[in-house]
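Thanks for sharing this one. Here are a few friendly notes to read alongside the structure.

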Amino acid sequence: MPATNNFVIYMVSGIFYLVSLIFICVSVIISRFRAKKVKNCTCTTMGRVVDMKYEISHVGTDDNAPMSAWYPVFEYYVNGISIMRKSHFGTSKPAFQIGQPVTVFFNPAKPEEYYVKEEKTSSLLLKIFLIVGIVLGAIGSIITLFAL
């Protein structure tokens, strides 16, 4: 194969490796974020979904097309004080129903820091980013092998 073709093939595989690395790094960041929440949020209480916020955003879209998501708003009580928090994770369809009970794990030193046991979005994101990263890395490896 001419040197120019090898250069292009190695550049393409390098791009796959770079994007793979980015996806794997994001999955590691999500994993550490979750581990920190689990470590800090040691107390539990029952809460409930008090609202489902529908939000439209244009952020992150190349064609400025709107993206929409449903975000649950959770209410829980710590020492008799009501705390309401909107989830950081939105879904294309409502994942909860208003009034639905949920198990809330919260940080006793900072009760506003919480996670909801029934919310599976961060776990799903972690798996998606990790799998995409591994697949892209494998594609980069296959491209490199064919160049040899």
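**Notes on a sheet and two loop residues**

1. Asn79 lies in the loop that links strand 2 (67-78) to strand 3 (81-86). Please bear in mind that this is a predicted model. The phi angle of Asn79 is near 55°, a positive value in a residue other than glycine. Is Asn79 buried or exposed? Asn79 is exposed, and its relative accessible area is 76%.

2. Now to the sheet. It is open, has 5 strands in the order 3-2-1-4-5, and its pairing is antiparallel. At the edges stand strand 3 and strand 5 (110-116); each has a single partner strand, so one side of each lacks a neighbour in the sheet. From one strand to the next, the twist averages 40°.

3. For a closer look at one pair, take strand 1 (residues 43-57) and strand 2: they run antiparallel and are joined by 10 bridges. As a landmark for your viewer, Val49 stands opposite Phe74 in strand 2. As general background, strands of a sheet pair through backbone hydrogen bonds, either parallel or antiparallel.

4. Glu119 deserves a look too. Glu119 sits in the loop between strand 5 and helix 2 (121-147). Glu119 is buried yet has no salt bridge. Which side chain of opposite charge is nearest to Glu119? That is Lys37, 8.5 Å away, whereas a salt bridge would need the charged atoms within 4 Å.

5. What does Glu119 touch instead? The side chain of Glu119 makes a polar contact with the side chain of Ser87, at 2.3 Å. Leaving aside residues up to four places away in sequence, Glu119 touches Ser87, Pro72, Phe74, Phe89 and Phe96.

How values were computed. Residues numbered from 1 in each chain as written. Predicted model: local features only at pLDDT ≥ 70, side-chain atom pairs only at ≥ 80, totals over all residues. Heavy atoms only, no water. Helix = DSSP H or I, 4+ residues; strand = E, 2+ residues; numbered from the N terminus. Buried < 20%, exposed > 50% of the residue type's maximum accessible area, 1.4 Å probe, protein only. Pairing = 2+ DSSP bridges. Axes fitted to C-alpha atoms, helices over the stretch in contact; angles between N-to-C directions. Lys, Arg positive; Asp, Glu negative; His and termini not counted. Polar contact = N/O pair within 3.5 Å; in protein donor to acceptor, adjacent residues only side chain to side chain. Contact = heavy atoms within 4.5 Å.
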